[in-house]
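User: Please examine closely the interface between the two domains of this protein chain. I would like a connected account of what meets there and how.

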Amino acid sequence: MSYQGQFRVWRGDDTGGALEDFTVEVNEGEVVLDIIHRLQATQAPDLAVRWNCKAGKCGSCSAEINGKPRLLCMTRMSIFSESETITVTPMRTFPVIRDLVTDVSYNYTKARQIPSFQPPKDLAPGEYRMQQVDVERSQEFRKCIECFLCQNTCHVIRDHEENKESFSGPRFLMRVAELEMHPLDTADRVDQAQESHGLGLCNITKCCTEVCPEHIQITDNALIPMKERVADRKYDPIVWLGNKLFRRS
């Protein structure tokens, strides 16, 4: 069963652009990426879109559908009514390169700013055995496919371009939390999160969690625990006194 669907797709580049209307055939079982491919094949061969696996595992086809950050390949056409006009636009937080393709290099810059895992220097290979509880604590974070939808929806940088220099965003604060929770990591991730990655700018609205295609509980399991550790260090009077005494000695 098929029908003629109404679509509005953003066309343009870094100098500007606009939404263009298209009528495209929609077949049963298709996803939005199928429609974009059919649009390329039949009406707009120069339409630019980034994609790769079409299985929700590479994170390439991130865009905004009716204003909500989504993966094109994981958004089924069946969730929309046949009479609905579907609007597809590029991720708003990042600079447009062309059409639906954005420049996400901001994220790679932030990734490079996180110091790598630092185990104890005197630890011999095979000397330490990871406990299952420690494995499970951060295993959820490793499901991340780096689609950057959480980065795109985070209003700290979505609505405030000036924060990009000092705020790493939920994806990379989650990476800092993963390293902080590793029992063998010796780096001071708590101060890094607050001072270098802008953890204090996050006000835990959970918008990042809501758009994650892997259903990672970014806010509850990464951001809030890191905020608690920062608060313990900076505002717990006993910890504060201990730090003062330790530094004096």
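Analyst: In this predicted model, the side chains of Arg158 and Glu64 meet in a salt bridge, with an N to O distance of 2.8 Å. Between domain 1 and domain 2, the count is three salt bridges. Polar contacts across the interface of domain 1 and domain 2 come to eight residue pairs, counted where both residues have pLDDT 80 or more.

On the side of domain 1 that touches domain 2, two strands each supply at least two residues: β3, spanning 62-65, and β4, spanning 68-71. By character, the residues of this side of domain 1 divide into seven nonpolar, five polar and four charged.

As for the partition itself, the protein chain is divided into domain 1, covering 3-102, and domain 2, covering 105-246. The C-alpha centres of domain 1 and domain 2 are 32 Å apart. Contact between the two involves 16 residues of domain 1 and 18 residues of domain 2.

The area buried between domain 1 and domain 2 amounts to about 1,300 Å², and carbon and sulfur atoms give 52% of this area. Within domain 1, the residues that lose the most area to domain 2 are Pro69, Thr93 and Phe94; together they account for 43% of what that side buries.

In summary, the interface of domain 1 and domain 2 combines three salt bridges and eight residue pairs in polar contact with a buried area to which carbon and sulfur atoms contribute 52%.

Note on methods: Residues are numbered from 1 along each chain as its sequence is written. This is a predicted model: local features need pLDDT of at least 70, side-chain atom pairs count only at pLDDT 80 or more; totals for chains, interfaces and linings use all residues. Side-chain values use heavy atoms; hydrogens and water are left out. Domain bounds come from an automatic or database domain assignment. Contact means heavy atoms within 4.5 Å. Buried area is the accessible area (1.4 Å probe) that two parts lose on being put together, summed over both. A salt bridge is a side-chain nitrogen of Lys or Arg within 4 Å of a carboxyl oxygen of Asp or Glu. A polar contact is a pair of N or O atoms within 3.5 Å; within protein, one must be able to donate a hydrogen and the other to accept it, and residues adjacent in sequence count only if both atoms are side-chain atoms. Helices (H or I, at least four residues) and strands (E, at least two) are DSSP runs, numbered from the N terminus. Ala, Val, Leu, Ile, Met, Phe, Trp, Tyr, Cys and Pro count as nonpolar, Asp, Glu, Lys and Arg as charged, and the others, Gly among them, as polar.
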